[in-house]
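Hi everyone, thanks for making time for this. I'd like to walk you through one model, so please have a look at the screen and we'll go through it together.

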Amino acid sequence: MIPLFAVVRVRNRRRQNIRLWLPLFLVWLMLLPLVLLLLPFAVLACLLIHMDPWRSISGSWQVFAGLRGTHIELANAEHHVLVHIF
C-alpha cells in the first residue's frame, strides 16, 4: 500500500520545533487525474521500446509502496530536519 502520511519536523539551534503532518492521500487524490491522462502515453511508450507495460506499472507501484517507512534526517549547524513517511 502507498504511504498515506508524512511527518516533517524542523528544529533550529534555539530548540524551536516545527512539526507538520502532511496527508499524502490528498496528494495522491490530486495526482490521480493526471496519472489517468498520462497512462495511455506511458503504455504506448513502453510498447514502442519493447517493454512490458504491466511490469512497468507494477514496478512503479512497488516504488511508491516502498516509500512507506522512509526515514530521512538532514542537519547542518543551524537546523535539523526529519522526514518520516508512513
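Let's begin with a simple one: where is the place of Leu31? Leu31 sits in helix 1, which covers residues 24–48. Please keep in mind that we are looking at a predicted model.

How covered is that side chain? Leu31 has a relative accessible area of 36%, and it counts as partly exposed because that value falls between the 20% and 50% cut-offs. Leu31 also belongs to a nonpolar surface patch, together with Val27, Met30, Leu34, Val35, Leu37, Leu38 and Phe41. Taken together, the accessible area of these residues is about 810 Å².

Now to the pocket. The largest pocket has a volume of about 550 Å³. Its lining counts 17 residues, and Val35, Ile57, Ser60, Trp61 and Phe64 are the closest to the centre. Two elements, helix 1 and helix 2 (53–65), each give two or more residues to that lining. Which of them gives the largest share? That is helix 1, with 10 residues. As for chemistry, the lining of the largest pocket has 15 nonpolar residues, two polar ones and no charged ones. Val35, then, turns up twice in this talk: in the surface patch and among the residues closest to the pocket centre.

One last stop, friends: strand 3, residues 71–75, where we find Ile72. Ile72 is partly exposed, with a relative accessible area of 36%. Its C-alpha atom lies 8.8 Å from that of Ile85, and the two residues are 13 apart along the chain.

Thanks for listening!

Conventions
Residues are numbered from 1 along each chain as its sequence is written. This is a predicted model: local features need pLDDT of at least 70, side-chain atom pairs count only at pLDDT 80 or more; totals for chains, interfaces and linings use all residues. Side-chain values use heavy atoms; hydrogens and water are left out. Patches are made of residues with over 30% relative accessible area and no salt bridge: like charges are joined within 9 Å, nonpolar side chains (Val, Leu, Ile, Met, Phe, Trp, Tyr) within 5 Å. Accessible areas come from the Shrake-Rupley method with a 1.4 Å probe; for residues, only the protein chains shown count as cover. A salt bridge is a side-chain nitrogen of Lys or Arg within 4 Å of a carboxyl oxygen of Asp or Glu. Helices (H or I, at least four residues) and strands (E, at least two) are DSSP runs, numbered from the N terminus. Buried means under 20% relative accessible area, exposed over 50%, partly exposed in between (1.4 Å probe, protein chains only). On a 1 Å grid over the protein atoms alone, a cavity is a set of points where a 1.4 Å probe fits but cannot get out, and a pocket is an open set with protein on both sides within 12 Å along at least five of seven lines; lining residues have an atom within 4 Å of a point. Grid points are joined across faces, edges and corners, and a volume is the space filled by probe spheres set on the points. Ala, Val, Leu, Ile, Met, Phe, Trp, Tyr, Cys and Pro count as nonpolar, Asp, Glu, Lys and Arg as charged, and the others, Gly among them, as polar.
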